[in-house]
Amino acid sequence: MDILQQLSENLQKGDTGKVAALTQAAIEQKLETQAILDRGLIAGMTVVGEKFKAHEIFLPDVLLAARAMHAGMELLKPLMIREGIPTVGKVVIGTVQGDLHDIGKNLVGIMLKGAGFDVIDLGKDVPPERFVDAAEKEKAAIIGLSALLTTTMPVMKDVVDLARERGIREKIKIIVGGAPLSKDYADQIGADAYCFDGVNAVDCVKRFTGSS
Ligand code: B1M
């Protein structure tokens, strides 16, 4: 089995140690950075996402795989920067103002990082201006908003409206998630997508960044 296939398989098993060691070995063998990324790490994570959707594996398995992916990405990142290989996309995420629930948002962040996205996590209780400022400054492709309270859901609309006022709405996709959310609510506030969990968020972000 070639080293990239081994990398993909160990990532699917969530073996962080082996993924780091194989990524390092692939770098030392001077394999192309893009190939290590595409045929090793991303290939493995794609299988993990498909198995999760088919209920063949469960959330802890996905999180282990995401952690392993992160370890591989950390080794590849300096090479990607040096070679000018763009990351698959930048995502600004956070829990909206007034809301202190961040467990789900953190899970979504881990999954997005695991899928190779550059994640700028603004934390919890984040006012609309900070989302839009960060998206502008970082030239992010996506803003990801999380809310767990019915009372804080309207802040999501404030972010959508502020992005429009600042003239960046056409350039950026806004995705929303959290237990009280729904597709209807996302449509109502003018967001681009409702994502029900981390795997679904990865799918949405891949679709919007053209990396699926
Ligand atoms: Co609070 N809380 N809480 N709470 N809390 C809920 C949300 C509640 C439903 C409990 C209940 O009454 N049954 C209720 C909300 C009712 C409502 O608005 N309809 C509630 C309440 C009322 C409150 C307080 C007001 C209680 C009080 O003080 N009187 C208070 C509010 C504080 C505030 O935010 N200002 C409060 C406080 C807290 C704690 C601080 C104690 C703690 C949060 C700790 C933390 O997050 N660091 C807490 C917790 C833990 C919960 C419950 C029990 C669990 C939430 C959780 O972490 N779930 C929750 C009840 C419940 O949901 N069963 C509850 C696990 C997590 C993995 O799931 O967050 O849904 P979830 O994330 C999922 C998806 O939703 C989705 O993907 C994730 C992974 O699958 N997702 C996204 C989430 N964000 C996404 C973003 C995306 C895409 C997908 O794209 C960007």
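**Exercise 1. Salt bridges between distant parts of the chain**

With which residue does lysine 77 form a salt bridge? State also which elements this pair and two further pairs connect in this predicted model.

*Solution.*

Step 1. The partner of lysine 77 is aspartate 118, and their closest N and O atoms are 3.9 Å apart. The pair falls inside the cut-off, since a salt bridge requires a side-chain nitrogen of Lys or Arg within 4 Å of a carboxyl oxygen of Asp or Glu.

Step 2. Helix 4 holds lysine 77 and strand 2 (residues 118-121) holds aspartate 118, so this bridge ties together parts that are 41 residues apart in sequence. Lysine 77 itself is partly exposed, at a relative accessible area of 28%.

Step 3. Lysine 90 and glutamate 138 form another salt bridge, with an N to O distance of 3.2 Å. Because lysine 90 belongs to strand 1 and glutamate 138 to helix 6, parts 48 residues apart in sequence are tied together. Lysine 90 is partly exposed at 25% relative accessibility, and glutamate 138 is partly exposed with a relative accessible area of 25%. Lys90 and Glu138 are also linked with Lys137 in a network of salt bridges.

Step 4. Aspartate 121 and lysine 105 meet at 3.0 Å, N to O, in a further salt bridge. Aspartate 121 lies in strand 2 and lysine 105 in helix 5, so the pair ties together parts 16 residues apart in sequence. To classify the two partners, recall that buried means under 20% relative accessible area. Lysine 105, at 5%, is therefore buried, whereas aspartate 121, at 37%, is partly exposed.

Step 5. In total, the structure holds 14 salt bridges.

**Exercise 2. The nonpolar cores**

Determine where the largest nonpolar core lies with respect to the domains.

*Solution.*

Step 1. This core has 43 residues, of which Leu11, Leu41, Leu76, Leu112 and Ile175 touch the most other members.

Step 2. Two or more residues are given by each of helix 1 (3-13), helix 2 (16-28), helix 3 (33-53), helix 4 (59-83), strand 1 (90-95), helix 5 (103-114) and helix 9 (198-209). Helix 4 supplies the largest share, 9 residues.

Step 3. Since both domain 1 (3-83) and domain 2 (90-209) contribute residues, the core lies between them.

Step 4. For one of the most connected members, isoleucine 175, the contacts beyond four places in sequence include Ile142, Leu145, Ala193, Cys204 and Phe208.

Step 5. A second core, separate and of 29 residues, includes Leu122, Val132, Ala163 and Tyr185.

**Exercise 3. The buried face of helix 7**

Establish how the buried residues of helix 7 are arranged around its axis, and what covers them.

*Solution.*

Step 1. In helix 7 (residues 153-165), the buried residues are Met153, Val155, Met156, Val159, Val160, Leu162 and Ala163.

Step 2. Viewed down the helix axis, these residues fall within an arc of 165 degrees, so they line one face of helix 7.

Step 3. Their cover includes helix 6 (128-138), strand 3 (142-146), strand 4 (173-177) and helix 8 (183-189).

Step 4. After helix 7 comes glycine 167, which has a positive phi, near 75 degrees.

**Exercise 4. The cobalt site**

Which protein residue is the donor to the cobalt atom of the ligand, and where in the fold is this residue placed?

*Solution.*

Step 1. The cobalt atom has a single donor from the protein, His101, through NE2 at 2.1 Å.

Step 2. Histidine 101 is located in the loop between strand 1 and helix 5.

Note on methods
Residues are numbered from 1 along each chain as its sequence is written. This is a predicted model: local features need pLDDT of at least 70, side-chain atom pairs count only at pLDDT 80 or more; totals for chains, interfaces and linings use all residues. Side-chain values use heavy atoms; hydrogens and water are left out. A nonpolar core is a set of buried Ala, Val, Leu, Ile, Met, Phe, Trp, Tyr and Cys residues joined through side-chain atoms within 4.5 Å. Buried means under 20% relative accessible area, exposed over 50%, partly exposed in between (1.4 Å probe, protein chains only). Helices (H or I, at least four residues) and strands (E, at least two) are DSSP runs, numbered from the N terminus. Domain bounds come from an automatic or database domain assignment. Contact means heavy atoms within 4.5 Å. Donors are N, O and S atoms within 2.8 Å of the metal (3.2 Å for Na, K and Ca); water is not among the atoms, so sites may look incomplete. The arc is that of the directions from the helix axis to the C-beta atoms.
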